[in-house]
Amino acid sequence: MLREFKEKWTHQLFLKGKLINPRQTEILEIFRKSLANRGAYGIIGIARCFRVIDNNMDKTVSATEFSQAVKDFKIQLTADDVTFIFNQFDRNKDGRLDYDEFLRGVRGEMNS
Ligand SMILES: [Ca+2]
Ligand SMILES: [Ca+2]
């Protein structure tokens, strides 16, 4: 239990951007720019994009839906990159992105 907690804590620190390296910043930039190029800017554009990615319309984006979207949008990122972004956006660590998490992630409000 204690070890689990410690691992989770380390993970959180990582996700809070404390251990972010330039490559990871670059990954996020590529993702944001690609989405913006597809019209996902501003609240309305991002909301529309979220609905497109949410394939089964359960109001959350799963890891599978997320990686599928990256493929569909032809974003040049590896599977590891996609996992990194997904984890970065998933603030409450429930393995899904709700709209709020997605919005904050895409708009770059990661460290607030
Ligand atoms: Ca979904
Ligand atoms: Ca979540």
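**View 1. Order of helices and strands along the chain.** Read from start to end, the protein runs α-α-α-β-α-α-β-α. That gives six helices and two strands. The model is a predicted one. Of the 112 residues in the protein, 24% are buried. Among contacts with a separation of 6 or more, 55% join residues that are 24 or more positions apart.

**View 2. The buried side of helix H4.** Helix H4 covers residues 63-72, and Phe66, Ala69 and Val70 are buried in this helix. These three span an arc of only 100° around the axis, so they lie on the same side of H4. An α-helix has 3.6 residues a turn, so residues three or four places apart point the same way. The face of H4 turned away from the buried side carries Thr64, Lys71 and Asp72, which are exposed. The partners against which the buried residues of H4 pack are helix H3 (42-53), strand E1 (60-62), helix H5 (79-89) and strand E2 (96-98). After H4 comes lysine 74, with a positive phi near 55°.

**View 3. Phenylalanine 66 and its contacts.** Phe66 is one of the buried residues of H4. Which residues does phenylalanine 66 touch, not counting those up to four places away in sequence? They are Ile53, Val61, Val82, Phe86 and Leu97.

**View 4. The crossing of H4 and H5.** The axes of these two helices come within 10 Å and cross at roughly 125°. This angle makes H4 oblique to H5. The contact is made by Ala63, Phe66, Ser67 and Val70 on the H4 side, and by Ala79, Val82 and Phe86 on the H5 side. The crossing of H4 past H5 is right-handed.

**View 5. The packing of H2 and H5.** Two packed helices are described by the angle between their axes and the distance between the axes. For H2 and H5 the angle is about 85°, and the axes are 10 Å apart. H2 is therefore roughly perpendicular to H5. From H2, the residues in contact are Gln24, Ile27, Leu28 and Phe31. From H5, they are Asp81, Phe84, Ile85 and Gln88.

**View 6. The buried side of helix H6.** Helix H6 is made of residues 99-107, and its buried residues include Glu101, Phe102, Gly105 and Val106. The arc they cover around the axis is only 120°, which puts them on the same side of H6. The buried residues of H6 pack against helix H2 (22-37) and also against H3, E1, H5 and E2. Just after H6 comes glycine 108, whose phi is positive, about 85°.

**View 7. Glutamine 88 and glutamate 101.** Glutamine 88 belongs to helix H5. Is glutamine 88 buried or exposed? Glutamine 88 counts as buried because 20 C-beta neighbours lie inside 10 Å, and 20 or more is the cut-off for a buried residue. Glutamate 101 is 13 residues away along the chain, and the C-alpha atoms of the two residues are separated by 9.4 Å. Glu101 is also buried, in helix H6.

**View 8. The largest nonpolar core.** This core has 21 residues. Which of them touch the most other members? They are Cys49, Phe50, Ile53, Val61, Phe66, Ile85 and Phe102. Helices H2, H3, H4, H5 and H6 each supply at least two residues of the core. The largest share comes from H5, with five residues. In soluble globular proteins, nonpolar side chains tend to be buried together.

**View 9. Two residues with positive phi in the loop between H3 and E1.** Methionine 57 is in this loop, and so is lysine 59. Methionine 57 is not a glycine, although its phi is positive, about 55°. Lysine 59, also a residue other than glycine, has a positive phi near 70°. Are these two residues buried or exposed? Methionine 57 counts as exposed because it has 7 C-beta neighbours inside 10 Å. Lysine 59 has 11 other C-beta atoms within 10 Å, so lysine 59 is exposed as well. The cut-off for an exposed residue is 12 or fewer.

Methods
Residues numbered from 1 in each chain as written. Chains lettered and ligands numbered in written order. Predicted model: local features only at pLDDT ≥ 70, side-chain atom pairs only at ≥ 80, totals over all residues. Helix = DSSP H or I, 4+ residues; strand = E, 2+ residues; numbered from the N terminus. Contact = placed C-beta atoms within 7 Å. Arc of directions from axis to C-beta. Core = buried A, V, L, I, M, F, W, Y, C linked by C-beta atoms within 7 Å. Axes fitted to C-alpha atoms, helices over the stretch in contact; angles between N-to-C directions. Parallel < 35°, antiparallel > 145°, perpendicular 65-115°, else oblique. Left-handed = near helix turned anticlockwise from the far one by under 90°.
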